[in-house]
Amino acid sequence: MTVKVKVSTPEETMAIGQKIAPLLAPKDIILLDGDLGAGKTTFTKGLAAGLGIQRNVKSPTFTIIREYQDGRIPLYHMDVYRLEDGSGDELGLDEYFNGDGVSVVEWSKFVADELPSHYLRIAFKRLDDEGENQRELIFESHGQRFEEMVNQIRVQ
């Protein structure tokens, strides 16, 4: 199932993340794909706020994985862009994916072989002809659990 949502501001992108956060459970995986600066980390900031995480969420571009343990459930924020020429084998992604928190993976195509079959993918697309901050978020569910989540997003 696919649902498209248009946003006009970074605050709207964060608000969508906050709305999704209460629906999340341990072992959930959210893939965020889109160009640099399209809103992936902004969305993750909203998700973290919705989970009750007080720390400032920053892009994990150079650290690859940032862990936030102080929310309702842990948040594992991954930016695997730097793995373009390698793989995520040495990162122990399975431990995160099957762990006690939610995993958010930016640039998921670089670890596609290591992803389980159940996840929520959100593609961030710039709508340049509609203004500087205009984005379309395309929610694509893979698995029954995420189909129900996307249904709730569509209703909101």
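The following dialogue discusses the sheet, two helices and one buried residue of a predicted model.

Student: Which strands stand at the edges of the open sheet, and why is one side of each left without a neighbour?

Tutor: In this predicted model, local features need pLDDT of at least 70, side-chain atom pairs count only at pLDDT 80 or more, and totals for chains, interfaces and linings use all residues. Residues are numbered from 1 along each chain as its sequence is written, and side-chain values use heavy atoms, with hydrogens and water left out. The seven strands (DSSP runs of E, at least two residues, numbered from the N terminus) follow the order E1-E7-E6-E2-E5-E4-E3 with mixed pairing, where a pair needs at least two DSSP bridges. Each edge strand has a single partner strand, so one side lacks a neighbour; these are E1 (2-7) and E3 (65-68).

Student: In which sense do E2 and E6 pair, and what is the bridge partner of leucine 32 in E6?

Tutor: Strand E2 (residues 29-34) and strand E6 (residues 119-126) are joined by five bridges in the parallel sense. The partner of leucine 32 is isoleucine 122.

Student: At about what angle does helix H1 run to E1?

Tutor: Helix H1 (residues 10-20; a DSSP run of H or I, at least four residues) lies across E1, E6 and E7. Angles run from 0 to 180 degrees between N-to-C directions of axes fitted to C-alpha atoms, for helices over the stretch in contact (heavy atoms within 4.5 Å). The angle between H1 and E1 is about 140°.

Student: Which side chain of opposite charge is nearest to glutamate 136?

Tutor: Glutamate 136 lies in strand E7 and is buried (under 20% relative accessible area, 1.4 Å probe, protein chains only). Glutamate 136 has no salt bridge (a side-chain nitrogen of Lys or Arg within 4 Å of a carboxyl oxygen of Asp or Glu). The nearest side chain of opposite charge, 4.4 Å away, is lysine 125.

Conventions
Buried means under 20% relative accessible area, exposed over 50%, partly exposed in between (1.4 Å probe, protein chains only). Lys and Arg count as positive and Asp and Glu as negative; His and the chain ends are not counted.
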